[in-house]
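Biologist: I am new to this structure and should like to learn how its features are read. May we go through them one at a time?

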Amino acid sequence: MIHTINVLPHISLRCFSDDRFKQEGLSLTMVRPMCREEASLNALLPAVLLRGCASAPDLRAITQRLDDLYGAAVGSQLRRVGDYQTTGLSCSFMKERYALDSDKVFDPMMTFLQELLFAPKLENGVFCADFVEGEKRNLLSAIASERNDKRAYAHAQMIRRMCKGDSFGTPRLGYAEDVEAITPESLYTHYQKILRESPIHLFYVGAAKPEEIAARVRPMFEKLNRCPVTLPGQTAFCDCGGCDETEEMDVAQGKLCMGFVTPVTLRDEGFVATQIFNTIFGGGMISKLFMKIREQMSLCYDISSSYHGSKGIVTVSAGIDNNKDGIVKEEILRQLSACQAGDFTEEELRSAKQALLSQLRTTHDTPGAIEGYYATAALSGLSLTPEDYMRRVEQVTADDVATAAKKIRLHTVYFLRGAL
Amino acid sequence: MEKLFYPQVGETLYKTTLSCGLPVAVLPRPGFTKKLCYLVADCGAIHREFTMDGVSYNAPAGVAHYLEHKLFDMPGRDVTEEFAALGAVPNAFTGYDMTAYYFSCTEHFAENLALLLEFVTTPYFTDESVDKEQGIIGQEIDMNRDNPDSRLFELLMESMYRAHPICTPILGTRDTIAQITPQVLTDFHRAYYRPDNLFLCVVGDVDPELVCHIAQEKLKDLPHPQVVAKRDWTEPVSTEIKYATASMDVALPMFHLGFKCARLPDGEEGVKQEIIGDLAAEALFGESSRLYLKLYDEGLIDASFGGGYETIEGMSMLLASGDSENPEAVKNAILDEAAHIAATGIEESAFLRMKRSALGRRIRGLDSFESTCFRLCAYHFSKFDYFNIPDVYKKVTKEAVQDFIRDTVCNDRLCMAVITPKEEQKL
């Protein structure tokens with residue numbers, strides 16, 4: 001059902017043709033290396049583009065254009081996938097058939113997206129200083145506000161310590177000092193560079209035919225002076241040593257984060273078994289971590305693990321009593337040992353598979369999930385369709401899971417302790 | 001079952017009330033794999049006072065949420081594991097005026113539905129299990145205390161409201177949940193989890209008749225006690241406290257600015273009021289408004305700023321919230337702009353555009369199983385047929401929105417809550 005068209009060299013359009021939804025969506029992103037030099041620029045760019053274009057020169061004018069298109073939405077599309085990040089815009093809009101008085105939606109939306117991306121409002125040949133300064137302030141407060149969400153904060157702190165030598169340790173929004181150093185000139189130069197050099201990915205979900213979309217978007221790029229640069233391939237986790245640290249903060253609940261590594265990434269054979277291991281270990285409400293540490297021992301409200309397949313990292317995150325970190329940590333490791341020893345029931349294995357299968361089966365049920373699956377797969381190097389993926393899930397045995405678990409090794413521990 | 005077609009939104013809905021008293025709605029989604037099923041109770045954190053069979057009850061704060069956790073217990077069985085074996089993910093949430101239990105699945109729909117109905121209508125509480133939950137919910141309360149958004153909302157509610165129980169947090173406190181016993185949970189369950197006080201709503205490619213058949217079988221023998229819940233509170237629209245503040249480990253000051261409004265009537269009239277409130281928020285400080293652009297350009301608000309009209313049984317309010325270095329200046333600008341709109345009115349073309357936008361967003365929202373199912377449930381309890389909402393938009397006039405802004409956005413009704421960064425955390 002997914003159809004890929006190379007619109008121009010290094011500009012690919014993926015279309016998922018589907019008439020079941022009441023809306024359509026198109027995203028356009030430039031693929032960049034995930035690195036400190038670019039992270040803040042790539043995060044800032046869409047925000048500045050969304051402040052105004054030549055034909056809609058301020059926020060109010062943009063919103064009014066979108067309101068006229070029946071409350072269409074345009075947003076920045078920033079995503080990290082392994083060693084890559086994408087920056088660009090996405091839009092979603094109501095299907096024309098629900099419009100009153102045969103109003104048009106699709107064509108004006110395409111025109112507007114093109115204007116926002118390629119005809120920004122300029123002053124002195126670069127981005128407007130007010131827009132850049134205003135969005136820098138917003139980005140700085142977004143970076144500073146990371147600490148408002150203690151769970152996310154603790155997770156980010158752990159990842160930073162764990163991935164000192166890996167692109168995964170670069171914060172998605174970059175660092176405050178990098179944001180402060182950006183000028184309207186430097187951002188505009190970067191914008192032109194990435195329009196020229198980046199592989200560009202477009203993704204469409206909706207009822208129109210792929211050829212129609214390709215014909216509609218191709219002219220957008222014809223004026224660009226393109227000189228595409230091929231990106232290096234995705235790499236596995238680069239290990240520069242782990243640590244075990246505690247930080248104190250004025251919070252009621254402590255946050256324990258543990259980072260584990262495995263040589264298995266989603267480009268490897270053992271990927272699906274590792275995914276199932278993670279589900280049994282801490283992937284849901286019947287996982288070992290949840291059942292044991294929350295339900296049996298009442299030590300926490302939330303606890304879960306995640307497998308970051310593009311890197312081969314497994315993280316565990318738990319909100320716990322400030323003086324229970326020792327016992328919780330010990331229990332997490334005990335549950336890992338159990339998985340490694342193959343100490344899980346047939347029922348646990350079956351349920352973990354069921355959970356993954358349900359999730360894969362519903363991939364095609366929302367425009368967001370469709371875009372998320374295929375756009376991420378294209379970047380991460382995952383070559384499975386949801387259907388192939390499901391077949392692979394069904395084939396995984398208990399031995400495969402134990403084998404995958406045995407490759408998991410504790411790397412870094414971070415504890416955010418409340419000091420009330 | 002009654003089959004209803006709504007051409008304006010392109011939806012078909014099946015509805016009925018079973019002989020056991022349970023109202024049911026099924027929204028077919030042919031061609032989709034996912035099935036989402038909500039069983040909701042018309043009770044929440046604010047319904048602690050009730051009489052049942054002539055006896056008065058006043059349950060401790062946090063009871064509805066505590067019950068939501070404990071209902072998953074069944075004698076000698078683990079419900080979550082049973083759902084998992086059927087490939088379903090169950091979950092639940094407790095709001096101020098509604099409690100929902102739900103699952104989504106792709107296979108074994110009938111078995112999952114039967115399990116949902118069974119566990120929600122089977123109260124099983126032991127001293128040991130109720131005691132044990134204190135630790136888990138205690139952690140949830142701590143987690144909530146560290147969350148600036150919930151702290152801010154709770155601070156605003158306790159400052160704004162005197163009589164309405166929204167002034168107490170949904171979770172209760174460590175002290176109030178310590179008073180919860182198996183008997184407290186049993187009484188609350190008996191009072192509110194009667195078939196006629198529940199609503200079953202399914203979105204997905206399922207047979208509507210099968211849904212009814214299973215539900216009738218599972219619920220036919222449930223008790224029907226005589227219950228009168230307290231659902232109305234005498235609450236003035238003027239506020240006594242205008243400002244409340246607390247400090248937390250946050251990056252920027254965060255504010256919630258509320259304007260108190262009266263309770264809404266049931267049915268279309270209430271929904272009309274809700275749309276008027278939402279359009280008023282849009283006209284006053286929405287992204288298409290003059291004020292939003294001005295405040296954004298001045299750096300007084302950022303993308304976190306937003307607001308709308310909030311309704312909970314027995315109350316409603318206009319709310320604006322966001323991060324700002326100067327919440328006071330934002331508040332004053334909103335009051336000034338409201339006075340300006342009251343004096344000069346809203347442009348007709350701007351008003352039509354706002355309505356079209358709101359309607360388009362509602363239609364796009366129907367692609368989401370979760371939001372559609374939730375809205376069908378919420379509007380069911382306020383006695384309104386959600387898919388008729390395009391007609392209500394047509395009836396809303398700009399004069400009504402202007403009047404609403406004039407009457408509501410004034411010093412008499414406002415209260416602002418602010419979380420300030422701790423000294424050492426200031427940027």
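Modeller: Let us begin with strand pairing, bearing in mind that this is a predicted model. Strands β3(A) and β9(A), the latter spanning residues 200–206, pair in the antiparallel sense over 6 bridges. Within that pairing, Met30(A) has Ile200(A) as its bridge partner.

Biologist: With which strand does β3(A) pair over 11 bridges?

Modeller: That strand is β6(A), residues 84–94, and the sense is again antiparallel. Opposite Arg32(A) stands Gln85(A) of β6(A).

Biologist: How many of the 11 residues of β3(A) are buried?

Modeller: A residue counts as buried when its relative accessible area is under 20%. In β3(A), residues 23–33, this holds for 10 of the 11 residues, so the strand is largely enclosed by the rest of the structure.

Biologist: Which strands of chain B pair with β11(B)?

Modeller: Strand β3(B), residues 23–27, runs parallel to β11(B) and is joined to it by 4 bridges. Here Val26(B) is opposite Val202(B). Strand β4(B), residues 35–41, pairs with β11(B) in the antiparallel sense over 6 bridges, and Val40(B) has Phe199(B) as its bridge partner.

Biologist: Which way do the side chains of β11(B) point, and are they buried or exposed?

Modeller: Leu198(B), Leu200(B) and Val202(B) point one way, Phe199(B), Cys201(B) and Val203(B) point the other way, and all are buried. Because 6 of the 6 residues of β11(B), residues 198–203, are buried, the strand is largely enclosed by the rest of the structure.

Biologist: How should I read the crossing of helices α1(B) and α7(B)?

Modeller: One looks at how close the axes come and at what angle they cross. The axes of α1(B), residues 63–70, and α7(B), residues 182–192, come within 10 Å and cross at roughly 95 degrees. Angles of 65 to 115 degrees count as roughly perpendicular, and α1(B) and α7(B) are therefore roughly perpendicular to each other.

Biologist: Which residues make the contact between α1(B) and α7(B)?

Modeller: From α1(B) come Val63(B), Ala64(B), Tyr66(B), Leu67(B) and Lys70(B), and from α7(B) come Val184(B), Leu185(B), Phe188(B) and His189(B). By class, this contact has 7 nonpolar, 1 polar and 1 charged residues.

Biologist: How many disulfides are there over all chains?

Modeller: A disulfide requires two cysteine sulfur atoms within 2.5 Å. By that rule the count is 0 over all chains.

Biologist: Why does Cys339(A) form no bond with the closest cysteine sulfur?

Modeller: The closest cysteine sulfur, in Cys300(A), is 16 Å from that of Cys339(A), which is too far for a bond. Cys339(A) is buried, with a relative accessible area of 1%. In chain B, the sulfur of Cys415(B) has its closest cysteine sulfur in Cys167(B), 12 Å away and too far for a bond. Cys415(B) is buried as well, at 0% relative accessibility.

Biologist: What is notable about the phi of Asp101(A)?

Modeller: Most residues other than glycine have a negative phi. Asp101(A) is not a glycine, yet its phi is positive, at about 50 degrees. It lies in the loop between β6 and α3 of chain A and is exposed, with a relative accessible area of 67%.

Biologist: Where is Asp53(B) found, and what is its phi?

Modeller: Asp53(B) is found in the loop between β5 and β6 of chain B. Its phi is positive, about 45 degrees, although Asp53(B) is not a glycine. At 46% relative accessibility, Asp53(B) counts as partly exposed.

Terms used: Residues are numbered from 1 along each chain as its sequence is written. Chains are lettered from A and ligands numbered from 1 in the order in which they are written. This is a predicted model: local features need pLDDT of at least 70, side-chain atom pairs count only at pLDDT 80 or more; totals for chains, interfaces and linings use all residues. Side-chain values use heavy atoms; hydrogens and water are left out. Buried means under 20% relative accessible area, exposed over 50%, partly exposed in between (1.4 Å probe, protein chains only). Helices (H or I, at least four residues) and strands (E, at least two) are DSSP runs, numbered from the N terminus. Two strands pair if DSSP finds at least two bridges between them. Axes are lines fitted to C-alpha atoms, for helices over the stretch in contact, and angles run from 0 to 180 degrees between N-to-C directions. Angles under 35 degrees count as roughly parallel, over 145 as roughly antiparallel, 65 to 115 as roughly perpendicular and the rest as oblique. Contact means heavy atoms within 4.5 Å. Ala, Val, Leu, Ile, Met, Phe, Trp, Tyr, Cys and Pro count as nonpolar, Asp, Glu, Lys and Arg as charged, and the others, Gly among them, as polar.
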